[in-house]
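Trainee: Could you take me through one part of this structure up close? I would like a single connected story that I can follow with the picture beside me.

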Amino acid sequence: MSFVNAPARRRVVAPRRAGDVDRERPVPSRLRPEPRSRRARRRSRVARAVEHRAVEPRAVGMSRARGRARGVAVSRVASRRRRPSSAVRDARTRARAMEPPPPDDDANHEDGGYVFVLELATLETAKVGKGYAILNCDDHANFIRRHGKQPGDHRPDICHQALLAILDSPLNKAGMVKAIYVNTQKNVLFRVSPKTRVPRTFKRFCGLMVQLLQKLSIRSSNGPEKLMQVVKQPVTKYFPAGARRVGFSFSAPEVKKLPEYVKALPEDAAVVFTIGAMAHGKVDVAYTDDFISVSRYPLSAACCIGRICNALELKHDIV
């Protein structure tokens, strides 16, 4: 049987319709093979975003904030920029370190008034459980022992009581206290405004201290004023010019009667009082002019501050 003279089979072609175009249909970008290199993958994603009109061609490489400001839809892929190299980052860090620090406009350099400094306050934050907390000897004793420290040294309640004694005194309400500085054992210095109302409960005070040490400032709820702010060391650059600096400690060589000592101070001169806010130890700072004791018996920081404020209120006739 021969197929030489058999007629060839014809290809059946469907009739054309109106609007048909003689070109191949492009392959969708989602079906194209993904390139392997990082740069090629990024270019493919940008081209895909442009193809699907998720981003305009002129918006490629534009940040999302600038795109919103100009009314351009910028995708996350198109707005991604290259991270600078480590050499560039090191050069920028060195350039910032060589710049002089900005002047501190909040520092109080006016004459007169009284400044309190609480030294060696135990305000140490740590992640306990799911959140951060101020370590204290009652709630975190086991946690402190596991890290090789003594629980009795962590007493943030001393700083709390000392701040309450200063801020609640008639001396502060009369406007005689100009500033309060707290220097922690971790060498963190922060300033407390005399207008601050410290929480009465210890738990809320610890929460406020955690917020301060993480955000570096606490603003007033009624305005932009900073009630608490972490500042740069040393504390001496915030003292008024020509201020008399007095330190208090039970181990001081001489015991003086505080009312007589306060009366001998100049009327218009500023005075800086330094008190320890720790459970054990001695305040050993080099910037004090006088180092005295106010009692033959050891007193707490709040009791010592109460005596100082009482003597100053008697001197200025503050009732």
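Mentor: Let's begin with Leu120, which is found in strand S1 (helices, H or I of at least four residues, and strands, E of at least two, are DSSP runs numbered from the N terminus). The model is predicted, so local features need pLDDT of at least 70 and side-chain atom pairs count only at pLDDT 80 or more, while totals for chains, interfaces and linings use all residues. Residues are numbered from 1 along each chain as its sequence is written, and side-chain values use heavy atoms, with hydrogens and water left out.

What catches the eye at Leu120 is its backbone: phi is positive, about 55°, although the residue is not a glycine. Most residues other than glycine have a negative phi.

Now step back to the sheet that holds S1. Eight strands make up this open sheet, in the order S6-S7-S5-S4-S1-S9-S8-S10, and the pairing is mixed (two strands pair if DSSP finds at least two bridges between them). Strand S6 (217–219) and strand S10 (290–292) are the edge strands; each has a single partner, so one side of each is left without a neighbour in the sheet. On average, neighbouring strands are turned by 20° against each other, direction ignored (axes are lines fitted to C-alpha atoms).

Follow the order from S1 to S9 and then S8. Strand S8 (residues 244–248) pairs with strand S9 (residues 271–276) in the parallel sense, over four bridges. Within this pair, Gly247 has Thr274 of S9 as its bridge partner. Helix H9 (residues 301–315) packs on the sheet and touches S1 (114–121), S8 and S9 (contact means heavy atoms within 4.5 Å). The direction of H9 makes about 160° with that of S9 (angles run from 0 to 180 degrees between N-to-C directions, and helix axes are fitted over the stretch in contact).

Next, look at the loop between S1 and strand S2 (125–128), where you will find Glu124. Glu124 forms a salt bridge with Lys149 (a side-chain nitrogen of Lys or Arg within 4 Å of a carboxyl oxygen of Asp or Glu), and the closest N and O atoms are 2.9 Å apart. Lys149 lies in the loop between helix H4 (141–146) and H5, so the pair ties together parts that are 25 residues apart in sequence. A search of the whole structure finds six salt bridges.

Strand S2 itself pairs with strand S3 (residues 131–134) in the antiparallel sense, again over four bridges. Here Thr125 stands opposite Ile134 in S3. The S2 and S3 hairpin has two residues between its strands, and Gly129 takes a positive phi near 75° there.

One last backbone detail is in the loop between strand S7 (226–231) and S8, where Pro234 has its place. The peptide bond from Gln233 to Pro234 is cis, with omega near -5°. Most peptide bonds are trans.
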